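Here are a few exercises to work through with the structure open beside you. Try each task before reading its solution.

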Amino acid sequence: MTIKVLAVGKKHESWVTEGIGRYEKRLKKPFNLSWQLLSHSARDNEAARAEESTRILAKVAPGDFVVLLDERGRNVDSPALANTLRAPIDAGRNVVVVIGGAYGVDSTVHDRADFTWSLSKLVFPHQLVRLILTEQLYRAQDILAGGKYHHV
């Protein structure tokens, strides 16, 4: 079981790489995290959204549990996120987290998502989203393991 992040955008900036690395070092099986960065479309608006969505879905297998990050998704606390990930992890399903491009994703990706998650009602830069996501995956792992990183 792996957790793969599909993100449309540029490579991690150095400060993001450092922060992500901090939490990736703490992750343990079954939280094997991998990143796949997809380039932005050269198109605009709907055309970009459609092209990027097609490339995203080409990287998703039929049995994957897909988590779509979207500001219109469900806003959950960390324990609820951990519980959302528990079933696919226990079932041995790969988890794919999708971070769309500047124009978002189209309905095909929304329809394929098993869970649409909003980090906040605020909109964050993609680089910061990657760091927050990695920390939250570490936090979810710790919650599921009964650790002490997450204080109730």
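The exercises below concern a predicted model, and each comes with a worked solution.

**Exercise 1. Describe the largest pocket: how much space lies in it, and which residues are closest to its centre?**

Solution. Start with the volume: the largest pocket holds about 440 Å³ of space. Next, turn to its lining, which is made up of 23 residues. Leu69, Asp70, Glu71, Val123 and His126 are the closest of these to the pocket centre. Then look at the elements: strand S3 (65-75), strand S5 (115-118) and helix H5 (126-144) each give two or more residues to the lining. The largest share, five residues, is that of S3. Finally, sort the lining by class: 13 residues are nonpolar, seven polar and three charged.

**Exercise 2. Find which residues of the UniProt "binding site" annotation belong to the lining of the largest pocket.**

Solution. First, list the annotated set. The unreviewed UniProt entry gives Leu69, Gly100, Leu119, Ser120, Lys121, Leu122, Val123 and Phe124. Now compare it with the lining, which takes in Leu69, Gly100, Leu119, Ser120, Leu122, Val123 and Phe124.

**Exercise 3. Take Leu69 and Gly100 in turn: is each buried or exposed?**

Solution. The cut-off to apply is under 20% relative accessible area for a buried residue. Leu69, in strand S3, has 12% and is therefore buried. Beyond four places in sequence, Leu69 touches Val97, Val98, Ile99, Trp117, Leu119, Val129 and Leu133. Gly100 sits in the loop between strand S4 (95-99) and helix H4 (107-112). With a relative accessibility of 9%, Gly100 also counts as buried. Its contacts, again leaving out residues up to four places away, are Val8, Val105 and His126.

**Exercise 4. Check the span of H5: how far apart are its end C-alpha atoms?**

Solution. Begin with the expected value: 19 residues at 1.5 Å a residue should span 27 Å, because the rise is multiplied by one less than the number of residues. The end C-alpha atoms of H5 are 27 Å apart, which agrees. Then consider how covered the helix is: 14 of its 19 residues are buried, so H5 is mostly covered. Just past H5, Gly146 has a positive phi of about 75 degrees.

**Exercise 5. Place Leu81 in its surroundings: which residues does Leu81 touch?**

Solution. Locate Leu81 in helix H3 (residues 78-90). Its relative accessibility is 3%, so Leu81 counts as buried. Setting aside residues up to four places away in sequence, Leu81 touches Val76, Phe115, Trp117 and Gln136. As a last step, compare C-alpha positions: Leu81 and Ile143 are 62 residues apart along the chain, with 9.6 Å between their C-alpha atoms.

Notes:
Residues are numbered from 1 along each chain as its sequence is written. This is a predicted model: local features need pLDDT of at least 70, side-chain atom pairs count only at pLDDT 80 or more; totals for chains, interfaces and linings use all residues. Side-chain values use heavy atoms; hydrogens and water are left out. On a 1 Å grid over the protein atoms alone, a cavity is a set of points where a 1.4 Å probe fits but cannot get out, and a pocket is an open set with protein on both sides within 12 Å along at least five of seven lines; lining residues have an atom within 4 Å of a point. Grid points are joined across faces, edges and corners, and a volume is the space filled by probe spheres set on the points. Helices (H or I, at least four residues) and strands (E, at least two) are DSSP runs, numbered from the N terminus. Ala, Val, Leu, Ile, Met, Phe, Trp, Tyr, Cys and Pro count as nonpolar, Asp, Glu, Lys and Arg as charged, and the others, Gly among them, as polar. Buried means under 20% relative accessible area, exposed over 50%, partly exposed in between (1.4 Å probe, protein chains only). Contact means heavy atoms within 4.5 Å. UniProt positions are given in the numbering used here, feature names are shortened, and annotations may be inferred rather than shown by experiment.
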